[in-house]
Amino acid sequence: MSRHAVTVRVARWSATHPWRAIGLWLLLVIVAVGMSVVIPKQQVQNKDLWVGQSGQAAELVEKAGLGDHPTETVLLTDPDGPLDKAAATTAITQLGQKLKALDTVQTVGQPVWSENGKAALVPIQLKGTADDASDAISKIVDTTAEVQQANPGLTIAQAGEASLDAGIWKQVGSDLAKAEKLSLPITFALMLLAFGALIAAGIPVLLAFSAVGAALGFYAPLSYLFPDGGSVANVVLLIGMAVGVDYSLFYLKREREERRKGHTTLDAVEIAAATSGHSVVVSGFAVIVSMAGLYVAQDMTFSSMATATIVVVAVAVLGSLTVLPALLAKLGHRVDRPRVPLLWRLNRRIGPGGISRRILAPVLRHPRAALSVSAIAIVALAVPALGMKTEPSDLNSLPQTIPEVRTFKALQENFPSQGGLSYDVVAQGGDAVAALTQLQGSAVRSGKFVVPQGEAIRQAGDTAVLKLISVLPEGSKNSELALRQLRDDLVPASLGSVPTWAVGGGSAESVDYGNNQRDKLPWVIAFVLALTLVVMAATFRSVAIAVVTTLLNLASVAACFGVLSLVFQHSWAEGLLGFTSSGFVVSWIPLFLFVILVGLSMDYHVFVLGRIREGVAEGLTPREAVRKGVTESAGVVTSAAAVMVSVFAVFATLGMLEMKQMGVGLAVAVLIDATLVRIVMLPSIMVLLGRKAWWPNRLHHQAATSVPDRELVPIS
């Protein structure tokens, strides 16, 4: 890496023009935040998620103009027992008057009384499409709340697709606020432990937080191409804080190390740019390549996550290469002020790699035994992954603290034919109505399905639609079972003469969506592994390093999946993490975790390998190069991993099960990767391979990197 390298030239300009670099960074952040205010972020629409046969059914319904108007249901119950019909009638009259006055309500239906005498429901039909309903639902929910306040003796609650989505979004917003509130002070505390000085600790946190804010702003216009599926803000905060802090940490630690060796601040910045800066670029590029694998899934939700993550990683890399050198040059030795006496002395006493040196010593003396024991441990953790069950998220996996979830369950309990698993059978051509009439009779006679009260076959032109409700209780397993009964048995038997038919509806869409993600997973894995293999081979000019990196990444991912299965498919951790086990891992989590973990593991993996390569290039034996590289990078890797684990662990405390599974998976994987994999498996493999690890690249003896005349000596 010469002084003409881009990272060095950018760092030199920033260090010699600090106020310009700082000003440009502030301008970038301000413009980005302004974009998020001015440009409304676009949300995923229903049609963006259509896949499989249910997607074909939805398209047929839309073209025929047979789509249901969005509906909501108000449920009335008495918390003390059987429903007082007179009191309920009064409340229903008030509700009807208020709802009919809203311009978003099409009709308010007649009340339906439950057979058990414990509940009544009022159906509400809204104007426009499902997307229109999402925008207008707050007024209807507020109206229902007003009627509840006027009738305290009853429980009056609302449920429907739009109100449930609003409740979920409210929970996501609450989770995000909690994550922000916890992650920032925890990250700052860890940086304080790592540096022992307030300014040095604050710089990585400040840069990471500004990168998150800027990325959310830049994503706003991109959301018109890749609309938000609901998780963009969470993912940007999760990944942005992790990589933003880590990149600054790598750079800052190296700059401080070089200053302690006697280099001037400017020389130290340039050396850090040539070494850690180069590692940051490679690591950032590796994360971006990994995240690009989500595009292979051809899913709008994943595409939005990939786009937002790529933006926040790119912004974090840019900040580490530009404004960070400017801050370091301007602050100079003052970056280590004000010192926290106890922490500062503790850092100086332990020294770089003090703890890891003790762990590493037996690994280097007995590399075969260390590799064997660590491999057995990884396999033991990974074995439960063989029994991993992945299913789409359903009503049972949502937080029961969301009022609409509780209302849906009460609705299904009191009115089995109104809630539950819903399917739309669409027939086009031939005598579609007669065929669907035959299907309706056979489905009801089977005892497995019912027709919603007052629901008739809808027809437009040569297309007709029949709605059926499964008698099975809500749940992803039951949803798939009911769908198979329709698609494999009942529908073909009745609609065999119809040219075109498809089974869709909300429950079918959920099953098809989960199956589509499972089908795409092998392609995503192949894409990500192939590209990261190429990136590592090109970076280190070594086929062996690329293959070892791929195998270690797979080991970390396998262990992560095993722990996920152990935690979330059983009930032993429910009290610890505050959840009710659904017996499965949400279907999109493994695909997303794989991509994220491969990218993040490259974060410090590239940094460690870079330090080992420096030792080999200086003429050290492979064993000594590994010792030097691992111990000198241990402090940075430990701090980086601690930041990641702590930020991810915060997400394990959130209410949404998906966020909880994602947080646990990432925290466990990074912990395993930074300890067992990088301190035991990687060093033992590198020692056993010796100089063959760098094949076909031949590293020769070079002088240690120094800048006596501001000239950086190549290390590769």
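## Helix H18

In this predicted model, helix H18 covers residues 506-540, and its 35 residues should span 51 Å at 1.5 Å a residue; the C-alpha atoms at its ends are 49 Å apart, which agrees with that expectation. The helix is nevertheless kinked: a bend of about 35° lies at Lys520, shortly before the proline Pro522. Beyond the end of H18 comes Arg541, whose phi is positive, near 50°.

## Overall architecture

The secondary structure of the protein comprises 23 helices and 12 strands. With a radius of gyration of 29 Å, close to the 27 Å given by the globule rule for 716 residues, the protein is as compact as a globular protein of that length. The C-alpha trace spans about 90 × 50 × 45 Å along its principal axes.

Of the 716 residues, 55% count as buried. Among contacts in the protein with a separation of 6 or more, 80% are accounted for by residues 24 or more positions apart.

## Strand E4 and its partners

Strand E4 (residues 119-126) is mostly covered, with 6 of its 8 residues buried. Three other strands are described here as its partners, beginning with E1 (residues 71-77), which pairs with E4 in the antiparallel sense over 7 bridges. In E4, Ala120 stands opposite Leu76.

Strand E2 (residues 105-108) also runs antiparallel to E4 and is joined to it by 3 bridges; Val105 stands opposite Leu126 of E4. Strand E3 (residues 112-113) is joined to E4 by 2 bridges, again in the antiparallel sense, and here Trp113 stands opposite Ala120. Ala120 thus has Leu76 opposite it as well as Trp113. The hairpin of E3 and E4 has 5 residues between the strands, and within this hairpin Gly117 takes a positive phi near 75°.

## Nonpolar cores

In soluble globular proteins, nonpolar side chains tend to be buried together. The largest nonpolar core of this model has 163 residues, and Phe592 and Phe648 are those with the most contacts inside it. Helix H21 supplies the largest share of this core, 19 residues. Another core, of 24 residues, lies apart from it and includes Ala427, Leu468, Leu483 and Ala508.

Leaving aside neighbours within four places in sequence, Phe592 is in contact with Val235, Met291, Leu294, Phe302, Met305 and Met662.

## Helices H21 and H22

Ile612 lies in helix H21 (residues 588-617). With a relative accessible area of 1%, Ile612 is buried. Beyond its neighbours within four places in sequence, Ile612 is in contact with Ala625, Val626, Gly629, Val630, Met686 and Trp694. The C-alpha atoms of Ile612 and Pro622 are separated by 8.4 Å, the two residues being 10 apart along the chain.

Helix H22 (residues 622-651) contains Ser639. Ser639 has a relative accessibility of 13% and therefore counts as buried, since the cut-off for burial is under 20%. Its contacts, apart from neighbours within four places in sequence, are with Met191, Ala194 and Leu249.

## Positions in helices H6 and H8

Lys178 is placed in helix H6 (residues 161-195). Its relative accessible area of 35% makes Lys178 partly exposed. When neighbours within four places in sequence are set aside, Lys178 is in contact with Thr653 and Leu654. Lys178 and Gly240 are 62 residues apart in sequence, and their C-alpha atoms are 16 Å apart in space.

Glu258 lies in helix H8 (residues 232-260). At 2% relative accessibility, this glutamate counts as buried. Outside its neighbours within four places in sequence, Glu258 is in contact with His263, Ala268 and Ile271.

Notes: Residues are numbered from 1 along each chain as its sequence is written. This is a predicted model: local features need pLDDT of at least 70, side-chain atom pairs count only at pLDDT 80 or more; totals for chains, interfaces and linings use all residues. Side-chain values use heavy atoms; hydrogens and water are left out. Helices (H or I, at least four residues) and strands (E, at least two) are DSSP runs, numbered from the N terminus. Buried means under 20% relative accessible area, exposed over 50%, partly exposed in between (1.4 Å probe, protein chains only). Contact means heavy atoms within 4.5 Å. Two strands pair if DSSP finds at least two bridges between them. The expected span of a helix is 1.5 Å times one less than its number of residues. The bend at a residue is the angle between axes fitted to the seven residues ending there and the seven starting there. A nonpolar core is a set of buried Ala, Val, Leu, Ile, Met, Phe, Trp, Tyr and Cys residues joined through side-chain atoms within 4.5 Å. The radius of gyration is taken over C-alpha atoms; the globule rule is 2.2 Å times the number of residues to the power 0.38.
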